[in-house]
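Okay, thanks for making time, everyone. Let me put the chain up on the screen and then walk you through it.

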Amino acid sequence: MSEVKIIGQDRINAMLQQLNDIDANKSIKAGIRKGLNILRQGGFKRLKARMKNPSGVTGNLVKSFNVRVKKNKLGGLAGFGMVSDTDGNHIIARHAHLVDLGTASRERQNGGSTGKMPALNFWTDTRNEDMDNAVCEVLKGTEVALTKILGKNE
């Protein structure tokens, strides 16, 4: 999973001093959620584009794209994890790193080969290309939430 860190937090800190801790955490978490959704959408789009048959993808990997904002700390996780579908079944994508980074061909003792998985690099490319947009969305979302809260308090 990738973590989004708030880099340009100076202009937000001035607004946070006017709020109590509960309102400040809610507003920052709202901004973090917006940034994480950018990463989730980018990864999903790249995975579907690079799979063999993008129109018929219904596997656990596609279903497991997840965004989670941390409860006790300011931060969040975007990537793959355990998600419940509509039937209450748990979908786990423990093989996401193998699809992203690929595997080498492995030889068996009897001389056969298990084959190799070519690297799709969908999550690595998403992290490299969309991280700046995600950080900007975190800042924008936090500012919007703060202005709403400050407007209600007045």
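So, let's go straight to Asp 125, which is partly exposed, with a relative accessible area of 22%. Keep in mind that this is a predicted model. The cut-off for buried is under 20%, so at 22% Asp 125 falls in the partly exposed class. What does the side chain of Asp 125 meet in a salt bridge? That would be Arg 50, at 2.8 Å, N to O. The two ends sit in distant parts of the chain, with Asp 125 in helix H5 and Arg 50 in helix H2, 75 residues apart. Arg 50 is partly exposed as well, and its relative accessible area is 32%.

A search of the whole structure turns up three salt bridges, so let me go on to Arg 46, which pairs with Glu 129. The closest N and O atoms there are 2.7 Å apart. Arg 46 is in helix H2 and Glu 129 in helix H5, so this pair ties together parts that are 83 residues apart in sequence. Now, is Arg 46 buried or exposed? Arg 46 is buried, at 10% relative accessible area, whereas Glu 129 counts as partly exposed at 47%.

Arg 46 also has a salt bridge with Asp 130, and here the closest N and O atoms are 3.0 Å apart. Again we go from helix H5, where Asp 130 sits, to helix H2 with Arg 46, and the two are 84 residues apart. Asp 130 is buried, with a relative accessible area of 11%. Since the bridges share partners, Arg 46, Glu 129 and Asp 130 end up in one network. In general terms, side chains of opposite charge can pair when their charged atoms come close.

Okay, on to the rings. How many aromatic pairs does a search of the whole structure find? It finds two. One of them is Phe 44 with Phe 65, an edge-to-face pair with 5.5 Å centre to centre and 90 degrees between the planes. Phe 44 belongs to helix H2 (residues 21-50) and Phe 65 to strand E2 (residues 65-69), 21 residues apart, and the pair links these distant parts of the chain. Phe 44 is partly exposed at 30% relative accessible area, while Phe 65, at 10%, counts as buried. Add Trp 123 and you have one aromatic cluster made of Phe 44, Phe 65 and Trp 123.

Let's switch to the surface. There's a positive patch formed by Lys 26, Lys 34, Lys 148 and Lys 152. H2 and helix H5 (122-153) are the elements that give two or more residues to that patch. Take Lys 34, for example: that residue lies in helix H2 and is partly exposed, with a relative accessible area of 43%.

One glycine before I wrap up. Where is Gly 75 found? In the loop between E2 and strand E3 (76-80), and Gly 75 is buried at 6% relative accessible area. Gly 75 and Arg 33 are 42 residues apart in sequence, yet 9.1 Å apart in space, C-alpha to C-alpha.

Finally, zooming out: the chain has five helices and five strands. Along the sequence they follow the pattern β-α-α-α-β-β-β-β-α-α. Of the 154 residues, 36% count as buried. That's it from me, over to you.

Conventions: Residues are numbered from 1 along each chain as its sequence is written. This is a predicted model: local features need pLDDT of at least 70, side-chain atom pairs count only at pLDDT 80 or more; totals for chains, interfaces and linings use all residues. Side-chain values use heavy atoms; hydrogens and water are left out. Rings of Phe, Tyr and Trp (its six-membered ring) pair if their centres lie within 6.5 Å; planes under 30 degrees apart count as stacked, over 60 as edge-to-face and the rest as tilted. Helices (H or I, at least four residues) and strands (E, at least two) are DSSP runs, numbered from the N terminus. Buried means under 20% relative accessible area, exposed over 50%, partly exposed in between (1.4 Å probe, protein chains only). Patches are made of residues with over 30% relative accessible area and no salt bridge: like charges are joined within 9 Å, nonpolar side chains (Val, Leu, Ile, Met, Phe, Trp, Tyr) within 5 Å. Accessible areas come from the Shrake-Rupley method with a 1.4 Å probe; for residues, only the protein chains shown count as cover. A salt bridge is a side-chain nitrogen of Lys or Arg within 4 Å of a carboxyl oxygen of Asp or Glu. Lys and Arg count as positive and Asp and Glu as negative; His and the chain ends are not counted. The place of a charge is taken as NZ of Lys, CZ of Arg, CG of Asp or CD of Glu.
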